[in-house]
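Reader: I am new to reading protein models and would love a friendly tour of this one. Could we go through it together, one question at a time?

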Amino acid sequence: MKKVFVLTQFGKPHEWTQKYFENIKRLGQYGWYWKIFTPNKFENVPSNVEIIPMTIEEFNTLIEKKVGVNPMNFITEKGVPDKAVSDFYVATGVIFEDYLKGYDFWGITNWDVVFGRLDNYLPDEMLSELDVFSDDVGIINGVFSLFRNIPKVNNLFREIPGIENMLTEHKLFGIDEYYLIDPLKKAAKNEALTYIH
């Protein structure tokens with residue numbers, strides 16, 4: 001199975017970016033990949049990491065095209081996005097669908113996560129039996145969650161009440177942690193998908 005984590009970096013690079021690359025490069029041999037959308041350029045990028053040039057303005061355009069709302073994100077004087085991009089995590093499967101073709105699972109994570117042997121923690125045999133995995137009890141965790149790359153999972157975020165306003169209002173909602181779990185539990189209860197944590 002091919003698993004891909006999607007990250008964005010619209011502000012200036014973190015001081016630890018190269019160390020992050022060093023940590024994740026060994027996971028490529030086990031079927032774990034990263035796609036990073038950023039205007040930043042990097043050296044010594046591992047073979048299991050693809051850097052895809054994208055500005056925050058292009059990110060806005062892509063969200064409008066795929067989701068139907070324009071969040072009008074911008075970079076502040078501090079050099080960071082004015083709205084936490086983690087609020088868009090739940091829509092990753094739709095926003096970035098053109099880049100996720102060929103992957104069985106897409107994941108959400110953060111830049112400050114250190115990974116061990118994910119092939120031992122989440123072997124393909126386990127993943128083949130589920131649609132959504134979260135490393136936290138009772139919520140979808142933006143630090144580490146995996147989603148089967150299929151339409152019913154990718155579009156689950158659309159069932160969140162008021163999602164359009166949340167994606168355009170310029171404050172942090174924590175949509176992944178606090179709002180996606182209810183539609184997910186409902187779908188799991190109706191046996192529309194399999195969810196474990």
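Author: Gladly! One term before we start: two residues are in contact when heavy atoms of theirs lie within 4.5 Å. Please keep in mind, too, that this is a predicted model.

Reader: Which residues does arginine 158 touch, not counting residues up to four places away in sequence?

Author: Start by finding arginine 158 in the loop between helix 6 (151–154) and helix 7. Leaving out residues up to four places away in sequence, its contacts are Lys66, Val67, Val94 and Ile163.

Reader: Is arginine 158 buried, partly exposed or exposed?

Author: Buried means under 20% relative accessible area and exposed means over 50%, with partly exposed in between. Arginine 158 has 38% relative accessibility, so it counts as partly exposed.

Reader: What distance separates the C-alpha atoms of arginine 158 and alanine 91?

Author: Along the chain, these two are 67 residues apart. In space, the C-alpha atoms of arginine 158 and alanine 91 are separated by 8.3 Å.

Reader: Which element gives the most residues to the largest nonpolar core?

Author: This core has 42 residues, and those with the most contacts inside it are Phe59, Val67, Ile95, Phe96, Ile140 and Phe157. The elements that give two or more residues to it are strand 1 (3–8), helix 2 (56–67), helix 3 (92–95), strand 4 (105–109), helix 7 (163–168) and helix 9 (181–189). With five residues, the top contributor is helix 2.

Reader: How many residues does the other core have?

Author: It lies apart from the largest core, and Val49, Leu122, Phe133 and Phe144 are among its residues. In soluble globular proteins, nonpolar side chains tend to be buried together. The size of this other core is 22 residues.

Reader: Which residues does isoleucine 140 touch, not counting residues up to four places away in sequence?

Author: Isoleucine 140 is one of the residues with the most contacts inside the largest nonpolar core. Beyond four places away in sequence, its partners are Ile108, Val132, Ser134, Ser145, Phe147, Asp176, Glu177, Leu180, Ile181, Leu184 and Tyr195.

Reader: Where do the buried residues of helix 9 sit around the axis, and which residues are exposed on the other side?

Author: The buried residues of helix 9 are Ile181, Pro183, Leu184 and Ala187. They cover an arc of only 165° around the axis, which puts them on the same side of helix 9. These buried residues pack against strand 5 (132–134), helix 8 (175–178) and strand 7 (195–196). Exposed on the other side of helix 9 are Asp182, Lys186 and Lys189.

Reader: Which strands do the buried residues of helix 1 pack against?

Author: In helix 1 (residues 17–24), the buried residues are Thr17, Tyr20, Phe21, Asn23 and Ile24. Seen down the axis of helix 1, they fall within an arc of 160°, so they line one face of the helix. Their packing partners are strand 1, strand 2, strand 3 and strand 4.

Reader: What is the phi of glutamate 191?

Author: Glutamate 191 lies in the loop between helix 9 and strand 7. With a relative accessible area of 73%, glutamate 191 is exposed. Its phi is positive, in a residue other than glycine, and is near 60°.

Reader: And what is the phi of asparagine 44?

Author: Look in the loop between strand 2 (32–38) and strand 3 (49–53) for asparagine 44. At 64% relative accessibility, it counts as exposed. Asparagine 44 also has a positive phi, near 55°.

Reader: Which element gives the most residues to the lining of the largest cavity?

Author: About 70 Å³ of space lies in this cavity, and its lining is made of Val6, Leu7, Thr8, Phe59, Val85, Phe88, Tyr89, Thr92, Ile95 and Phe96. By class, these are eight nonpolar, two polar and no charged residues. Strand 1 and helix 3 each supply at least two of them. Giving the most, with three residues, is strand 1.

Reader: Finally, how many charged residues are in the lining of the largest pocket?

Author: The largest pocket has a volume of about 500 Å³. Of the 21 residues that line it, the closest to its centre are Thr8, His14, Pro81, Val85 and Trp111. By class, the lining has ten nonpolar and seven polar residues, and the number of charged residues is four.

Terms used
Residues are numbered from 1 along each chain as its sequence is written. This is a predicted model: local features need pLDDT of at least 70, side-chain atom pairs count only at pLDDT 80 or more; totals for chains, interfaces and linings use all residues. Side-chain values use heavy atoms; hydrogens and water are left out. A nonpolar core is a set of buried Ala, Val, Leu, Ile, Met, Phe, Trp, Tyr and Cys residues joined through side-chain atoms within 4.5 Å. Buried means under 20% relative accessible area, exposed over 50%, partly exposed in between (1.4 Å probe, protein chains only). Helices (H or I, at least four residues) and strands (E, at least two) are DSSP runs, numbered from the N terminus. On a 1 Å grid over the protein atoms alone, a cavity is a set of points where a 1.4 Å probe fits but cannot get out, and a pocket is an open set with protein on both sides within 12 Å along at least five of seven lines; lining residues have an atom within 4 Å of a point. Grid points are joined across faces, edges and corners, and a volume is the space filled by probe spheres set on the points. Ala, Val, Leu, Ile, Met, Phe, Trp, Tyr, Cys and Pro count as nonpolar, Asp, Glu, Lys and Arg as charged, and the others, Gly among them, as polar. The arc is that of the directions from the helix axis to the C-beta atoms.
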